[in-house]
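Reader: I am new to reading protein models, and I would like to learn how to go through one feature at a time. Could we begin with contacts between charged side chains?

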Amino acid sequence: MARDELRQAWRALGAHLPFAATAVLITALAIGANTAVFSLVNAVLVNPLPFPNATRLVEVSGRRLGVDRDAISPDYVDLRDRNRSFQVLAAAFQWSANVTGGEHPCHP
């Protein structure tokens, strides 16, 4: 009896192949999207940062417009020189590049 039902289901799928292929494709995309979102949430929100005492990390950020990109921020220098709260301070900067040869709208 189970063989007859499987044979009938296989024939029904063959008769509606575009619908079955669409259903399988949508299911595969949904599983892939769910896996990607879970991986992102797990890495960012669930797992702790790979540092000792990660709960004691602090980020201080700021933006200085119209300042030379290579210069160290005077704010960081003041924090470093007057620091009595933090064990270690570090500075980082971001920059952008235009590889197409035209002018960058933020940095003429």
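Author: A salt bridge is counted when a side-chain nitrogen of Lys or Arg lies within 4 Å of a carboxyl oxygen of Asp or Glu. Please keep in mind throughout that this is a predicted model. With that cut-off in hand, we can look at Asp81 and Arg80, whose side chains meet in a salt bridge with an N to O distance of 3.2 Å.

Reader: How many salt bridges does the structure hold?

Author: The structure holds two of them. Besides the pair formed by Asp81 and Arg80, the side chains of Arg7 and Asp4 meet at 3.6 Å, again taken from N to O. Arg7 and Asp4 both belong to helix α1, which covers residues 2-15, and they stand three residues apart, which is about one turn of the helix.

Reader: Are the residues of these salt bridges buried or exposed, and how would I decide?

Author: The general idea is to compare the relative accessible area with two limits, since buried means under 20%, exposed means over 50%, and partly exposed is what lies in between. Asp81 has 54% relative accessibility, so Asp81 counts as exposed. Its partner Arg80 has a relative accessible area of 43% and is therefore partly exposed, and Arg7, at 46%, is partly exposed as well.

Reader: Which helices and strands should I look for in the chain as a whole?

Author: The protein chain has three helices and zero strands, and from the N terminus on its elements run α-α-α. Of the 108 residues in the chain, 3% count as buried. The chain exposes about 10,700 Å², and carbon and sulfur atoms supply 60% of that area.

Reader: What span should helix α2 have, and what is the distance between its end C-alpha atoms?

Author: One works from a rise of 1.5 Å a residue, so the 30 residues of helix α2, residues 17-46, should span 44 Å, and the end C-alpha atoms are 41 Å apart, which agrees. The same reasoning for the 14 residues of α1 gives an expected 20 Å, and the end C-alpha atoms of α1 are 20 Å apart, which agrees too.

Reader: How many residues of these two helices are buried?

Author: In α2 the number buried is one out of 30 residues, so this helix lies largely in the open. In α1 the count of buried residues among its 14 residues is zero, and α1 is hardly covered.

Reader: Which residues make the nonpolar patch on the surface?

Author: Val37, Leu40, Val41, Val44, Leu45 and Val46 make a nonpolar surface patch of about 590 Å². Val46 is found in helix α2, and because its relative accessibility is 54%, Val46 counts as exposed.

Reader: Where does Ser73 lie?

Author: Ser73 is placed in the loop between α2 and α3, the latter being residues 74-81. Ser73 is partly exposed, with a relative accessible area of 24%. The C-alpha atoms of Ser73 and Phe93 are separated by 9.5 Å, although these residues are 20 apart along the chain.

Reader: What is the mean pLDDT of the chain?

Author: The mean pLDDT of the protein chain is 80, and 81% of its residues reach 70 or more. Among the elements, α2 has the highest mean pLDDT, at 92, and α3 the lowest, at 82.

Technical notes
Residues numbered from 1 in each chain as written. Heavy atoms only, no water. Helix = DSSP H or I, 4+ residues; strand = E, 2+ residues; numbered from the N terminus. Expected span 1.5 Å × (residues − 1). Buried < 20%, exposed > 50% of the residue type's maximum accessible area, 1.4 Å probe, protein only. Patch = residues over 30% accessible without salt bridge, like charges linked within 9 Å, V, L, I, M, F, W, Y side chains within 5 Å. Areas by Shrake-Rupley, 256 points an atom, 1.4 Å probe, with all protein chains shown as cover. pLDDT = per-residue confidence, 0-100.
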